[in-house]
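Here are a few notes to read alongside the model. Keep the viewer open and turn to each spot as it comes up.

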Amino acid sequence: MTPIYGEVAPGFEPVRAAFTENFTRHGDLGAAVCVYRNGRPVVDLWGGVADAETGRPWTRDTLQLVCSATKGATATMAHMLVERGALDLGVPVAKYWPEFAANGKADVPARWLLAHQVGLVALDQPVPLKEALAWHPMAAALAAQRPLWTPGTAHGYHGRTWGWLVGEVIRRVSGRSPGRFFADEIAAPLGLDFFIGLPAGERDRVSRMVYQRPDVDFTTVPTESVPEELREQVAAWRDPNSFSNRAYAVTDPPEIDFDSPEVQAAELPASNGIGTARALARMYAALIGEVDGVRLLSPDTPASATEERASGKDQVMLIPSRFSAGYMLPTKSNPMIGPSSFGHTGRGGSLAFADPEHGVAFAYAMNRVIGGGDDVRAASLAEAVRRSLA
């Protein structure tokens, strides 16, 4: 049995049981989960191995890459600027970023950027990875790029490009890079162990990712053997020109080593946030209430920040998805803990969200990446939170 460390408040014992079961039955290697209720931590657990090669244990202060769960932190920055009157999501992006007006994008409102509606999921010409990590060449390429669908008429998950798109608006409006803004305005006031752009001195604390191969690789089996409900997605995975593939091929080379020092040190506000589950849960708690005297958004802002802006079939993922201006909203496959929840998932299992109706903030971070519908780890923890609240 993997030893589990940390604490749970009375009534939240089901979360500890679910967390333990993630190790015994569901494939966790190293992980942490944290839950806040009404501004105070009620669950703070961790366990397992941070580095499978060396056996380094996961400790209270282990940092973990959370992939696209980073988008929730970036969306929060944008809404803080909205609340301050510095950013208006209803006006054209080009007001803040004039170069963005190229190729018919002059009237695209900032809200469409955050809600994955602008059609900039891919580039006609990928940017060399070294230049993309330097920020400005990628921002320039996206400003010049023609949309792949008429903006506002559809939505599709901008898995990679979203961070540069929204991050450049944050940079233009605030005068600070997204990583710097997050450090100054969110991490420092709340004392968060979370970084978008990892300082060199923190690298030894970072867990290493382990990628689990799927039991069945549907891209290699005959079409007639693929379950009918998956055939459209499988066909897209097999097509190098599909949005599903092009959305993750905006750099050259397209594969990005997120364990490398260069990638972790860069600012990729869509995908390379590194921190603790405790930090993410604390951030979400401060979005819906006060945490040790700090509140990131006023009581009225979360309602507008989490209003549904896009829903239905996703042009990239080819499944139903729902987005507000920056946050994922609950779906059948990711219900979080209720209709009022908002947050973001991350590749292979991570999840962080808030639920203002229940006064709950939740975060789960892990180092074993499990793809597809076989991964029940985050969902089982969220369900355990629901049972605890009941």
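1. One definition to begin with: a residue is called buried under 20% relative accessible area, exposed over 50%, and partly exposed in between. Try it on Arg-60: with a relative accessibility of 42%, Arg-60 falls in between, so it counts as partly exposed. Do keep in mind that this is a predicted model.

2. Staying with Arg-60, look at its salt bridge with Asp-61, where the closest N and O atoms are 3.7 Å apart. Asp-61 has 37% relative accessibility, so this residue is partly exposed too. As a bit of background, side chains of opposite charge can pair when their charged atoms come close. How many salt bridges are there by this rule? The count comes to 21.

3. Next, find helix α6, which covers residues 161-174. Here Arg-172 forms a salt bridge with Glu-168, and the closest N and O atoms are 2.7 Å apart. The two residues are four apart in the helix, which means about one helical turn separates them. Are the two partners buried or partly exposed? Arg-172, at 30% relative accessibility, is partly exposed, whereas Glu-168, at 1%, is buried.

4. Another salt bridge worth a click links Arg-176 and Asp-184, with 3.2 Å between the closest N and O atoms. Arg-176 is partly exposed at 23% relative accessible area, and Asp-184 is partly exposed at 30%. This pair belongs to a network: salt bridges with shared partners join Arg-84, Arg-176, Arg-180, Asp-184 and Glu-185.

5. Now for strand β2, residues 30-37. Seven of its eight residues are buried, so the rest of the structure largely encloses β2. Which strands does β2 pair with? One is β3 (residues 40-51), which runs antiparallel to β2 and is joined to it by eight bridges. Another is β15 (residues 360-366), also in the antiparallel sense, over seven bridges. In general, strands of a sheet pair through backbone hydrogen bonds, either parallel or antiparallel.

6. If you'd like landmarks for those two pairings, start at Gly-30, whose bridge partner in β3 is Gly-48. For the β15 side, go to Tyr-36, which stands opposite Ala-361. It's also worth looking at the turn: β2 and β3 make a hairpin with two residues between them. Asn-38 sits in that turn and has a positive phi of about 50°.

7. There is also an open sheet of three strands, in the order β5-β10-β7, with antiparallel pairing. Why is one side of β5 and of β7 left without a neighbour in the sheet? Both β5 (64-65) and β7 (194-195) stand at the edges, and each has a single partner strand, so one side of each has no neighbour there. To check the pairing of β5 with β10 (residues 274-275), look for two bridges. Gln-64 in this pairing stands opposite Gly-275 in β10.

8. Helix α11 (residues 277-288) lets you do a quick length check. At 1.5 Å a residue, its twelve residues should span 16 Å, and the end C-alpha atoms are 17 Å apart, which agrees. Is this helix enclosed or open? Twelve of its twelve residues are buried, so α11 is largely enclosed by the rest of the structure. Among those buried residues are Arg-278, Arg-282, Tyr-284 and Ile-288.

9. Loops deserve a look as well. Ser-341 lies in the loop between β12 (320-323) and β13 (342-345), and at 1% relative accessibility it counts as buried. What does Ser-341 touch? Leaving out residues up to four places away in sequence, its contacts are Leu-329, Pro-330, Met-336, Phe-353, Ala-354 and Asp-355. With Asp-355 there is a polar contact between the two side chains, at 2.6 Å.

10. For another loop residue, try Pro-222, between β8 (210-211) and α8 (231-238). Pro-222 is partly exposed, with a relative accessible area of 44%. Finish with a distance: Pro-222 and Trp-46 are 176 residues apart along the chain, and 42 Å separates their C-alpha atoms.

Notes
Residues numbered from 1 in each chain as written. Predicted model: local features only at pLDDT ≥ 70, side-chain atom pairs only at ≥ 80, totals over all residues. Heavy atoms only, no water. Buried < 20%, exposed > 50% of the residue type's maximum accessible area, 1.4 Å probe, protein only. Pairing = 2+ DSSP bridges. Salt bridge = Lys/Arg side-chain N within 4 Å of Asp/Glu carboxyl O. Polar contact = N/O pair within 3.5 Å; in protein donor to acceptor, adjacent residues only side chain to side chain. Contact = heavy atoms within 4.5 Å. Expected span 1.5 Å × (residues − 1).
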